[in-house]
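The exercises below ask you to work through side-chain burial, ring pairs and charge pairs in a predicted model. Each task is followed by a solution that goes step by step.

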Amino acid sequence: MYKILMMIPLAFKRVFLFFFLTLGLYFGGYAQVLQPGFDKAEFTEILAINSRFSESPEMAQYIPPPARSRLLYKSGEFGLVNHWQLWLMDERVAVICTRGSTREGESWLANLFAAQIPAKGVLHIEKDFEFDYTLAAHPRAAVHAGYVFSSAFLLRDVLPKIDSCYQAGVKDFILSGHSQGGGITYIMSAYLLQMQKAGKLPADMRIKVYTSASPKPGNLYFAYDYEHSVGEGWSQHVVNTEDWVPQSPFTVQTIADLPDVNPVPALRFTLKKQSFFKRLFFNSLYKKMTNPSQKAVDRYQKYLGKFTGKQIKKYYPDFVIPDFVNSNEYVRTGKQVVLYPDSGYFEKFDYSKDKTKIMLHHSTVVYYYLLKHTYGK
């Protein structure tokens, strides 16, 4: 199918996609089929799709190919070597899969550009490309700058395909990604959910999210807003307890990350009533407790913000490095589906045999093994 699509002139691809989907839906029916909650069979199919373009052929062979889905569209590479694919599952559900990191250094810039920016703003990427985005309603929500940058390019390609699917009768959409693809998927799905709230996407369009091995996409206020917007059971984050990637980016919490109503202002007001020497002692203690975390945030902004932003400018000279939020508090987002390894897993995936395999517990192959052999026991 992909080879056929590539032979068709660009102007006719959307018409072809519409016709192809309509033909499939004629036989498959129009009823919405997605339900909230983690569905093991559903996720197994998603993992099989992701493995087709996230793993080498040598690794992908350990996961059976998708049994319920067929490829409709395969994007080129753009942004920071980003790529996505559109599949049709059960002739009724459009599956949007985003690829994770590749070996290219350019791809890793998306991960390393980890200073936080507001969840609502504008990224000036190129002279003719500004990404005006809203990812959350909460004014203090903040997100991973690199994943917003990558999402800008992906969404420009994804949105017309979503429209074509919907016009053809597809109203159920799954967004998914493994590793970096999962981090980007959070940003893309948040963008679509906010569009839907604003009436820019149909109200009856249903969105479900599956991420696996995903880094953390933003701060606690973003997580609050995202989970409220997506609804109970409509966003699943599958994690292997031995995988280090879901623990990244590193988080630093400061007093500034607390809500405005907290004990600190009252404590400082009380200290003002103390004697000079007590104030001196407690102020010194307060600085010793708070300064290290604030300095860590400053360093993150310096190296994972401005410095990395300058590296991105080598590829996009007109990119304007945004102002960063004075925070580096990162939290896990979405409903956690935890895969617990057993003794058989550690025998099969033995890190002691090769200490250089730092991604040993991270691949889709490992997640597939855990899903089939340990999950649900």
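**Exercise 1.** Determine whether phenylalanine 349 and tyrosine 369 are buried or exposed, and then describe how their rings are paired.

*Solution.* Begin with burial: phenylalanine 349 and tyrosine 369 are both buried. Turning next to the geometry, a pair of aromatic rings is described by the distance of the centres and the angle of the planes. For phenylalanine 349 and tyrosine 369 the centres are 5.4 Å apart and the planes stand at 75° to each other, which makes the pair edge-to-face, since planes over 60 degrees apart count as such. As for position, phenylalanine 349 belongs to the loop between α11 (343-348) and α12 (364-373), whereas tyrosine 369 belongs to helix α12, so that this pair links distant parts of the chain, 20 residues apart. Finally, the ring of phenylalanine 349 also has the charged end of lysine 348 sitting over it, 5.9 Å from the ring centre.

**Exercise 2.** Describe the surroundings of phenylalanine 129, starting from its ring pair with phenylalanine 153.

*Solution.* The model holds 21 aromatic pairs by the rule applied here. In the one formed by phenylalanine 129 and phenylalanine 153, the centres lie 5.2 Å apart with 85° between the planes, an edge-to-face arrangement. The two partners come from distant parts of the chain, phenylalanine 129 from strand β6 (residues 129-134) and phenylalanine 153 from helix α6, with their positions 24 residues apart. Both phenylalanine 129 and phenylalanine 153 are buried. Widening the view, these two rings are members of one aromatic cluster that also includes Phe113, Phe149, Tyr316, Phe319 and Phe324. A charge completes the description, for the charged end of arginine 156 sits over the ring of phenylalanine 129 at 3.8 Å from its centre.

**Exercise 3.** For three of the salt bridges, establish where the partners lie and how accessible they are.

*Solution.* The count for the model comes to 7 salt bridges.

- *Step 1.* Arginine 99 bridges to glutamate 77, with 2.8 Å between the closest N and O atoms. Because arginine 99 lies in the loop between β3 (93-98) and α5 (105-112) and glutamate 77 in the loop between β1 (69-74) and β2 (84-89), the pair ties together parts that are 22 residues apart in sequence. Arginine 99 counts as buried at 12% relative accessibility, while glutamate 77 counts as exposed at 52%.
- *Step 2.* Lysine 161 and aspartate 157 form a salt bridge at 3.7 Å, N to O. Both partners lie in helix α6 (residues 145-167), where 4 residues, about one turn of the helix, separate them. Lysine 161 is buried at 16% relative accessibility, and aspartate 157 is likewise buried, its relative accessible area being 16%.
- *Step 3.* Lysine 171 and aspartate 204 meet at 2.9 Å, N to O. This pair links distant parts of the chain, with lysine 171 in the loop between α6 and β8 (172-178) and aspartate 204 in the loop between α7 and β9 (206-212), 33 residues apart. Lysine 171 is partly exposed at 29%, and aspartate 204 is partly exposed at 32%.

**Exercise 4.** Locate serine 189 and identify which residues it contacts beyond its neighbours within four places in sequence.

*Solution.* Serine 189 is placed in helix α7 (residues 180-197). Its relative accessibility is 0%, so serine 189 counts as buried. With the neighbours within four places in sequence set aside, serine 189 is in contact with Leu175, Val209 and Tyr226.

Methods. Residues numbered from 1 in each chain as written. Predicted model: local features only at pLDDT ≥ 70, side-chain atom pairs only at ≥ 80, totals over all residues. Heavy atoms only, no water. Helix = DSSP H or I, 4+ residues; strand = E, 2+ residues; numbered from the N terminus. Buried < 20%, exposed > 50% of the residue type's maximum accessible area, 1.4 Å probe, protein only. Contact = heavy atoms within 4.5 Å. Salt bridge = Lys/Arg side-chain N within 4 Å of Asp/Glu carboxyl O. Phe/Tyr/Trp six-rings, centres within 6.5 Å; stacked < 30°, edge-to-face > 60°. Lys NZ or Arg CZ within 6 Å of the ring centre and 35° of its normal.
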